[in-house]
Amino acid sequence: MHSKRLVVLGLALVSCFVWADEGMWTFDALPKNTLKKVHGFEAPETFWEHMLLASLRIAGGCSASFVSPQGLVMTNHHCAVECIEHLSSHSKDYVKNGFWAQQPGQEKRCPDMELNQLVEIIDVSQTVKEATLNLYGPAFKSAFNEVTSSLKKDCQNNPQVRCEMVSLYRGGFYHLYKYQKYSDVRLVFAPEVAVAFFGGDLDNFTFPRYDLDVSFLRIYENDKPLATPHYFKWSFEEPKEGDLAFVSGNPGATSRLLTTAQLRYIRDYAWPRRIARLSELRAMLKAYSERGAEEKRTAATWLFSVENSLKVIRGRHAALADRNFFNAKIAAEHALQNKVNTSEEWKDYASVWASIEGIVAKQTRYAAEYAAVEDAMRTSTLFGFAKVLVRAAEEREKPNANRLSEYVDANLPNLETWLTSKVPLYPKLETALLRFELEKMREALGVEHPLVKTLLGKDTPARVAARLVSQTKLADVKVREKLWKGGTQALAQNKDAMLLFAKLADSYGRAIRKTWETEVEAPATKEGERLAQLRFQLFGTTLYPDATFTLRLSYGQVKGYEENGRTIPPLTRMSGLFERATHFEPYLLPASWTKAKAKLNLNTPLNMATTHDIIGGNSGSPVLNSKGEVIGLAFDGNIQSLGGDYVFDAKLNRAISVQALGIVEALDKVYGAKRLLAELKEASKTTTNQEPAKGNKETPKTTTNQTQKP
């Protein structure tokens with residue numbers, strides 16, 4: 001990034017100035033006046049209600065959308081790749097060779113996928129704040145858990161509903177997000193990974209780009225395709241540079257409202273540790289993949305995830321390491337502090353920065369042990385099953401308010417769904433991952449740490465991992481289901497090796513977690529509330545909240561940019577895909593594409609750059625024109641956008657999407673997916689219902705009967 005621009009942006013961010021196309025706006029607080037003033041755009045309320053209900057979230061961390069009245073869903077290939085891998089086998093590798101259900105009966109159910117449709121936003125700020133008023137430390141944590149778990153339980157009144165407590169503005173507001181939950185999700189279409197991730201890690205977060213990162217799923221209800229009046233029509237017109245466009249998706253997390261002390265912790269401690277760990281995990285997975293074709297297949301999804309995370313975090317670390325940007329953040333924060341210190345009205349907030357610095361000091365002190373003990377073995381699915389079974393059995397016997405947050409009644413159905421999903425497990429890969437985790441734990445804590453001695457004794461991580469994986473029966477979904485239902489009595493009688501191992505680790509994990517929650521998390525939440533109150537007194541609601549993996553609207557334009565004296569246009573063409581192709585990975589095109597080249601219109605746009613403010617979690621979001629029609633499918637950003645966790649630059653940050661015409665051209669002339677293409681075309685002819693849904697389906701609501709003050 002350019003240093004001079006970062007200085008301006010840093011000051012702008014803290015003073016709450018918002019760029020014309022900046023912001024991840026919640027649907028109950030859309031910037032309609034700005035859209036009218038800057039872009040001359042107005043729309044009826046039904047336009048936004050329809051957009052909300054046509055948008056979806058993949059529970060594992062991506063976005064999606066309805067694109068036909070028969071429950072057809074569009075998302076990225078990399079968002080559905082876990083499903084594609086789970087449906088694959090040694091003889092049928094759908095990740096490598098792609099998948100297309102030519103007939104409806106060939107659509108295959110994903111073993112472990114959940115889609116969420118937001119149906120209601122409930123402001124519970126007043127209830128939460130009254131319950132925690134003047135409480136600190138453990139008392140605050142206990143009261144907070146009690147009130148939020150009670151609210152979630154009341155909200156989640158049937159198994160098809162998921163409710164989540166969302167903290168906005170770092171504690172300024174507390175909202176309940178109510179979702180319709182869909183778990184019968186079936187794979188309809190996926191291209192070969194070679195074209196879905198064309199260019200591999202080399203091209204990741206770059207532009208120009210040439211990817212067909214798309215897949216289609218379908219939601220079923222009662223074993224039939226879901227009928228929905230809310231879906232996005234397809235645009236069959238090429239967009240022009242400067243066109244207004246919207247992205248409706250679920251950005252994962254941003255850190256734009258953190259203090260400099262919190263950002264310094266991330267820069268100097270959190271990201272360097274994470275980069276080192278991911279680098280070592282990537283090296284292990286690459287070595288594992290080279291053992292053979294089956295090892296390469298089963299580790300591919302893990303390797304993609306690790307490499308993607310590594311590139312993201314390196315980019316975010318580089319943004320924080322930019323001296324001019326960070327100095328600008330410090331200067332702006334000092335200016336705000338001086339303003340507070342000299343004001344009688346705001347003097348009660350003067351201590352908030354020092355309080356947060358004290359919390360960060362404790363965070364730094366406990367983080368290594370917390371990560372190595374409580375967060376250990378997180379890549380091992382089998383250990384994850386064991387840990388949840390052990391903890392859930394104990395937690396479910398406590399009063400709801402006294403439980404660990406993930407085991408409150410409102411969350412139990414989601415845990416049960418995960419535990420009883422029929423996901424394939426690969427013993428060799430599980431062994432390699434568990435061995436890696438045990439080695440990292442021993443390295444972080446040292447051989448004399450009580451937990452290391454308890455778990456490893458005088459054995460090696462390699463031998464312990466091999467023994468646990470070979471002697472556990474938790475790969476059997478029926479065993480897991482029986483243990484879940486049997487609770488503490490079933491676990492007490494079961495001598496499964498992985499369960500016994502998880503029990504050994506549990507007490508150490510609980511101890512460090514209690515310290516972390518009472519000395520770091522709870523105080524940070526409390527001080528975050530105070531800082532949010534100050535921001536609202538100064539700036540009101542002109543400031544959008546940090547991302548929270550909840551539905552947000554971003555508006556922007558189809559637009560290229562200047563880089564190193566070169567003008568980069570907003571659209572790439574299919575011709576560029578063939579120009580970049582080689583005979584070797586990661587630029588090796590599938591045979592289906594080389595055979596179809598003569599039939600293709602090589603001038604068809606394939607990828608598109610826009611000025612939208614998006615981040616991880618937005619993958620799979622629809623890009624929509626001013627009519628609310630699909631013109632693209634967001635899947636990436638350019639390299640400059642990696643600093644978007646902390647700052648947005650409309651001149652350089654670009655969201656990258658698969659262009660809608662490129663998807664149609666590929667479906668038609670490469671894959672012969674006539675049924676799918678006909679469904680998209682027919683849906684685009686149909687008059688879309690933009691009125692709130694009727695009948696037994698929820699309609700979008702925002703309950704604002706409580707105070708709007710933070």
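## Hollows, a sheet and a few odd backbone spots

About 80 Å³ of space lies in the second largest cavity of this predicted model. A cavity here is a set of points on a 1 Å grid over the protein atoms alone where a 1.4 Å probe fits but cannot get out. Grid points are joined across faces, edges and corners, and the volume is the space filled by probe spheres set on the points. Fifteen residues line this cavity, and Val373, Met377, Phe383, Lys387 and Ala505 are the closest to its centre; to count as lining, a residue needs an atom within 4 Å of a point. Helices H13 (352-373), H14 (381-395), H17 (450-456) and H20 (497-539) each give two or more residues to that lining, with H20 giving the largest share, four residues. The structure holds six cavities of 30 Å³ or more.

A word on the ground rules. Residues are numbered from 1 along each chain as its sequence is written. Local features need pLDDT of at least 70, side-chain atom pairs count only at pLDDT 80 or more, totals for chains, interfaces and linings use all residues, and side-chain values use heavy atoms, leaving out hydrogens and water.

Then there's the second largest pocket, with a volume of about 1200 Å³. A pocket is an open set of points with protein on both sides within 12 Å along at least five of seven lines. Its lining runs to 35 residues, and Val193, Phe197, Lys296, Ala300 and Glu585 lie nearest the centre. Helix H11 (293-321) is among the elements that give two or more residues, as are H8 (193-196) and H10 (260-289). H11 provides the largest share, eight residues.

Here is how the two linings split by class; Ala, Val, Leu, Ile, Met, Phe, Trp, Tyr, Cys and Pro count as nonpolar, Asp, Glu, Lys and Arg as charged, and the others, Gly among them, as polar.

| Lining | Nonpolar | Polar | Charged |
|---|---|---|---|
| Second largest cavity | 10 residues | one residue | four residues |
| Second largest pocket | 15 residues | seven residues | 13 residues |

Zooming out, the protein has 24 helices and 22 strands, which are DSSP runs numbered from the N terminus (helices are H or I, at least four residues; strands are E, at least two). Its C-alpha atoms fill a box of roughly 65 × 65 × 55 Å along the principal axes.

One open sheet has eight strands with antiparallel pairing, in the order E1-E14-E13-E19-E20-E21-E18-E17; two strands pair if DSSP finds at least two bridges between them. E1 (25-26) and E17 (571-573) stand at the edges with a single partner strand each, so one side of each has no neighbour in the sheet. Within the sheet, three bridges join E19 (622-625) to E20 (630-637), and Pro622 stands opposite Leu633 in E20. Helix H23 (660-669) packs on the sheet, touching E18 (605-610), E20 and E21 (655-659), and its direction makes about 35° with that of E21. Contact means heavy atoms within 4.5 Å, while axes are lines fitted to C-alpha atoms, for helices over the stretch in contact, with angles from 0 to 180 degrees between N-to-C directions.

Finally, the backbone oddities. Most residues other than glycine have a negative phi, and most peptide bonds are trans. Arg170 isn't a glycine, yet has a positive phi of about 55°; Arg170 sits in the loop between E8 (161-168) and E9 (173-182). The peptide bond from Phe207 to Pro208 is cis, with omega near 5°, and Pro208 belongs to the loop between H9 and E11 (215-221). Another cis bond joins Glu585 and Pro586, with omega about 10°.
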